[in-house]
Amino acid sequence: MNKKEADHGPVLVPGGAGFIGSHLCGCLLEQGHEVIALDNFSTGHAGHVAHLRRHARFRLIEHDLTRPLPALAARATRIFNLACPASPAYYQQHPVQTALSSALGVWRLLELVQTSGARLLQASTSEVYGDPQCHPQREDYHGHVNPVGPRACYDEGKRFAEALMISSLAERPLSLRIARLFNCYGPRLHEGDGRVVSNFIVQALRGEPITIHGDGMQTRSLCYVDDTVAGLLRLMDSAVEGPVNLGNPVEVTVLELADRVLSLTGSRSPLVYLPRQPDDPRRRRPDISRARAELDWRPGVSLDDGLRETVAYFRYRLDAGRRHFPM
Ligand code: NAD
Ligand code: UDP
């Protein structure tokens with residue numbers, strides 16, 4: 001398939017009604033693409049893309065990626081596979097569904113692109129590095145994952161997906177891209193899905209205690225969703241075949257994050273310390289040299305600016321009568 005054909009065919013977005021997927025679908029439509037979102041609504045919701053449904057070029061189809069694909073998927077020239085629960089609290093309650101969403105999901109898509117010739121981008125994760133012993137994490141670090149721990153369903157599912165992609169590529173010419181996303185946040189995170197940014201903001205706005213797991217000295221590097229989506233689009237258009245880290249290298253402790261959220265919300269919520277989560281990575285920061293050099297991509301939104309936008313979103317949602325969608 002040449003570039004002109006690829007630019008004009010529909011873009012398939014499994015997981016398109018999720019947090020990142022809904023932003024990605026919006027950007028693709030703005031760029032003039034026809035977009036087909038597939039979603040089983042396990043952690044996503046049609047409400048996330050309700051504002052896109054006025055576009056004649058947008059379709060949302062309820063579909064579980066572990067099942068055979070609908071016939072119209074074969075028309076897609078580009079596929080961004082985002083279909084997998086991403087919140088540890090959620091995926092640990094649904095471990096088999098999570099592992100199979102990654103493993104069978106990517107297999108279905110690989111079968112499709114072997115015949116259709118579409119380019120497939122897989123949303124992989126910093127979790128392939130597990131609780132890393134190398135810091136910051138470069139793409140050539142092989143990781144430190146517990147294959148039988150509570151995060152294995154997610155981490156090993158994503159590792160298997162990468163392995164299956166690379167194995168398929170070894171057997172036949174395919175057009176594949178692998179984005180290793182580091183923690184992403186922003187509007188349309190789910191208020192109840194247990195991730196740190198949504199939890200802290202909702203707790204602060206409600207005046208409830210901020211729940212710190214462990215001593216709060218573990219770190220994360222938080223990337224605003226607009227930056228993540230820009231990186232995904234760049235990677236899809238690039239010639240880079242190996243995995244690429246997409247994340248914001250500014251690293252903060254969980255306690256620092258709580259402090260920023262309290263300050264930006266003006267909340268007086270107390271901190272409450274809960275037990276550390278098993279296998280919780282202690283440090284996480286992407287080395288984004290590859291993305292800088294090969295995609296000319298780097299994040300542009302500061303943590304405070306991104307948190308301000310996210311706080312404004314949750315303030316709106318938490319106002320009476322604007323409850324979040326059910327999980
Ligand atoms: P999300 O849970 O909001 O979105 C995932 C979407 O996929 C949801 O709409 C869900 O309903 C859908 N889905 C799940 N399993 C499915 C299946 N079997 N069939 C069809 N649809 C299915 O999560 P997100 O934060 O938007 O993450 C999107 C992708 O990016 C995921 O693959 C995730 O692993 C990856 N990722 C996200 C982050 C992050 O910080 N948000 C970090 C690393 C990787
Ligand atoms: N965390 C926390 N309190 C919460 C939710 C999360 O202290 O209410 C911590 C969690 O233990 C982890 C970090 O915040 O160390 C990031 O957690 P999240 O679930 O957002 O994503 P992860 O990076 O672990 O996939």
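Strands S5 (residues 119-125) and S6 (residues 175-181) run parallel and are joined by 7 bridges; helices (H or I, at least four residues) and strands (E, at least two) are DSSP runs numbered from the N terminus. Within this pair, Gln122 stands opposite Ile178 in S6. The model is predicted: local features need pLDDT of at least 70, side-chain atom pairs count only at pLDDT 80 or more, and totals for chains, interfaces and linings use all residues. Residues are numbered from 1 along each chain as its sequence is written, while chains are lettered from A and ligands numbered from 1 in the order in which they are written.

**Sheet**

- An open sheet of 7 strands follows the order S3-S2-S1-S4-S5-S6-S11 with parallel pairing, where two strands pair if DSSP finds at least two bridges between them.
- Strand S3 (58-62) and strand S11 (243-246) stand at the edges with a single partner strand each, so one side of each is left without a neighbour in the sheet.
- On average, neighbouring strands of this sheet are turned by 20° against each other, direction ignored.

**Helices packed on the sheet**

- Helix H2 (residues 19-30) packs on the sheet and touches strand S1 (11-14), strand S2 (35-39), S3 and strand S4 (78-81); residues are in contact if their C-beta atoms, placed from the backbone, lie within 7 Å.
- The direction of H2 makes about 170° with that of S2; axes are lines fitted to C-alpha atoms, for helices over the stretch in contact, and angles run from 0 to 180 degrees between N-to-C directions.
- Helix H5 (residues 152-171) also packs on the sheet, touching S5, S6 and S11, and its direction makes about 150° with that of S5.

**Ligand 1**

- Ligand 1 is surrounded by 29 residues, the closest being Gly15, Gly18, Thr43, Gly44 and Leu181; a residue is near a molecule if its C-beta atom, placed from the backbone, lies within 6 Å of it.
- H2, S2, helix H4 (95-116) and S5 are the elements that give two or more residues to this shell, and H2 gives the most, with 3 residues.
- By class, the shell around ligand 1 holds 15 nonpolar, 12 polar and 2 charged residues; Ala, Val, Leu, Ile, Met, Phe, Trp, Tyr, Cys and Pro count as nonpolar, Asp, Glu, Lys and Arg as charged, and the others, Gly among them, as polar.

**Ligand 2**

- Around ligand 2 there are 14 residues, with Arg195, Val196, Asn199, Thr211 and His213 the closest.
- Helix H6 (196-206) and strand S8 (210-213) each supply at least two residues of this shell; S8 gives the most, with 3 residues.
- The shell around ligand 2 divides into 4 nonpolar, 7 polar and 3 charged residues.

Note on methods
Two residues are in contact if their C-beta atoms, placed from the backbone, lie within 7 Å.
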